[in-house]
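The following report describes selected features of a single model, moving from individual residues to the sheets and the elements that pack on them.

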Amino acid sequence: MSALTPASEVILRHTDEFTERRVLFAGDLQDSLPAQLEAAEVRVHTNQYHHGQMLSQALGENVQYSLLADADVVGGCDTLIYYWPKSKQEAQFQLTNLLSLLPVGSHVFVIGENRAGVRSAEPMLEGLCTLQKIDSARRCGLYYGRLEQQPEFDADAWWQSYVVADVTVKTLPGVFSRDALDPGSMLLLGTFSEDIKGSVLDIGCGAGVVGAVLGTHFAKVKLTLSDVNAAALEASRATLAANGLEGNVIASNVYSDIRGRFDMIVSNPPFHEGLQTSLHAAEMLIRGAASHLHIGGKLRIVANAFLPYADILDATFGSHEVLAQTGRFKVYQAELGRPPRASKKKSKR
């Protein structure tokens, strides 16, 4: 999060607007601009755990990581800088939550990449905040308006559900596979034909689909589900509860908050940071697995076929196998073997 994103570079062109304002950053913020901005006060609301971790180092308690913004955090601000995410539904969910807490008359800035659909901000907020485009650069659009009316926000109204393999999946806007199970995860689930037992860690759990299916069909599985996205964690808890399952659901940036070792680690790892391709999290997942598996434990992941994970698996585990593949996806598995014993040197007489 060191280099500024194009969206933040556009905001920097308007820094004089914020020097005397109490600013709240929210949305798909991916860099450290809040720690650099000169303003009367700067606060941050994020639903991405790793972003909150980074910004807390500079801003301390002025950073809130949660699914829903807190009235005490938002209500003390007079300016919102909202970073448009790649999901329109997620934007609508977050903006409705934030604007329901901001005082009427607050300044509202919406910034985002054109290819992410930031233009939708104008019609989305019609009747609440009349937005106008005030800048365009770095393939981004910046929109500004004043809050005219607070919307009503009911978090319960945003939940959706669907069924996969006799499992009820609960989802929220911004959660991966919100409307239906994605083909990659479907392929991954199809590889679990043998009896699975022991401790299973699902990294990047999304709505908790994979963990819930394993917990439903294999009685001897002990589940731990982790993700950076607050909406995903809330959805995973709801999915487990809807199916009468128990499991530990925790916020973790890959292994940052994971303790102990597991019999299996499963994942459909992300390869995007916002709209940009990034293999960093997946590489951390593979390389760190050896330190979080029991001897004989297995890492099983699904990935787009074009991604270069085979070499990383071999470098980490010594070998791997492909359990299933289609034209788009591959399911990889690697097993943690015992380290070779050091040979004893014969003593000379």
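Apart from its neighbours within four places in sequence, S185 is in contact with F176, N268 and V302; as the model is a predicted one, this and every other value below is computed from predicted coordinates. S185 belongs to helix 7, and its relative accessible area of 5% lies under the 20% limit for a buried residue, so S185 counts as buried. Its side chain makes a polar contact of 2.8 Å with the side chain of D182, and a further polar contact, of 3.0 Å, joins the side chains of S185 and N268. N268 therefore appears both in the contact list of S185 and as a polar partner of the S185 side chain, because the pair of side chains lies within the 3.5 Å allowed for a polar contact.

A second buried residue with polar partners is D227, which is found in strand 11 (residues 221-227). D227 has no salt bridge although it is buried, and the nearest side chain of opposite charge, that of R237, is 11 Å away. A salt bridge requires a distance within 4 Å, which is why R237 at 11 Å does not provide one for D227. What the side chain of D227 does reach is backbone nitrogen: that of C205 at 3.2 Å and that of N229 at 3.0 Å. Leaving aside neighbours within four places in sequence, the surroundings of D227 consist of contacts with G204, C205, G206, A232, L233, I250, A251 and S252.

The polar contacts of these two residues are set out below.

| Side chain | Partner | Distance |
|---|---|---|
| S185 | D182, side chain | 2.8 Å |
| S185 | N268, side chain | 3.0 Å |
| D227 | C205, backbone nitrogen | 3.2 Å |
| D227 | N229, backbone nitrogen | 3.0 Å |

Strand 11, which holds D227, is part of an open sheet of seven strands with the order 12-11-10-13-16-18-17 and mixed pairing. At the edges stand strand 12 (248-251) and strand 17 (321-325), and because each has a single partner strand, one side of each is left without a neighbour in the sheet. Neighbouring strands of this sheet are turned against each other by 20 degrees on average, with direction ignored. Strand 17 and strand 18 (residues 329-335) run antiparallel and are joined by four bridges, and in strand 18 the bridge partner of V322 is Y332. Helix 11 (residues 310-317) packs on this sheet, where it touches strand 16 (293-304) and strand 18, and its direction makes about 5 degrees with that of strand 18.

Another open sheet is formed by seven strands in the order 3-2-1-4-5-7-6, again with mixed pairing. Its edge strands are strand 3 (63-65) and strand 6 (132-137), each of which pairs on one side only, and its neighbouring strands are turned by 15 degrees against each other on average, direction ignored. Within this sheet, strand 4 (residues 79-83) and strand 5 (residues 107-113) run parallel and are joined by five bridges, with T79 standing opposite H107 in strand 5. Helix 5 (residues 88-99) packs on the sheet and touches strand 1 (22-27), strand 4 and strand 5, its direction making about 170 degrees with that of strand 4.

Strand 8 and strand 9 form a hairpin with two residues between them, and A165 in the turn has a positive phi of about 50 degrees. The two strands run antiparallel and are joined by five bridges, Y162 standing opposite V169 in strand 9. Along strand 9 the side chains alternate, since V167, V169 and T171 point to one face and are buried, while T168 and K170 point to the other and are not. D166, in the loop between strand 8 (160-164) and strand 9 (167-171), has a positive phi of about 65 degrees although it is not a glycine.

Is D166 buried or exposed? Its relative accessibility is 68%, so D166 counts as exposed. S177, in the loop between strand 9 and helix 7 (183-189), is likewise a residue other than glycine with a positive phi, of about 60 degrees, but at 12% relative accessibility S177 counts as buried.

Finally, helix 8 (residues 209-217) is mostly covered, with seven of its nine residues buried; these are V209, V210, G211, A212, V213, L214 and G215.

Key:
Residues are numbered from 1 along each chain as its sequence is written. This is a predicted model: local features need pLDDT of at least 70, side-chain atom pairs count only at pLDDT 80 or more; totals for chains, interfaces and linings use all residues. Side-chain values use heavy atoms; hydrogens and water are left out. Buried means under 20% relative accessible area, exposed over 50%, partly exposed in between (1.4 Å probe, protein chains only). Two strands pair if DSSP finds at least two bridges between them. Axes are lines fitted to C-alpha atoms, for helices over the stretch in contact, and angles run from 0 to 180 degrees between N-to-C directions. Contact means heavy atoms within 4.5 Å. Lys and Arg count as positive and Asp and Glu as negative; His and the chain ends are not counted. A polar contact is a pair of N or O atoms within 3.5 Å; within protein, one must be able to donate a hydrogen and the other to accept it, and residues adjacent in sequence count only if both atoms are side-chain atoms.
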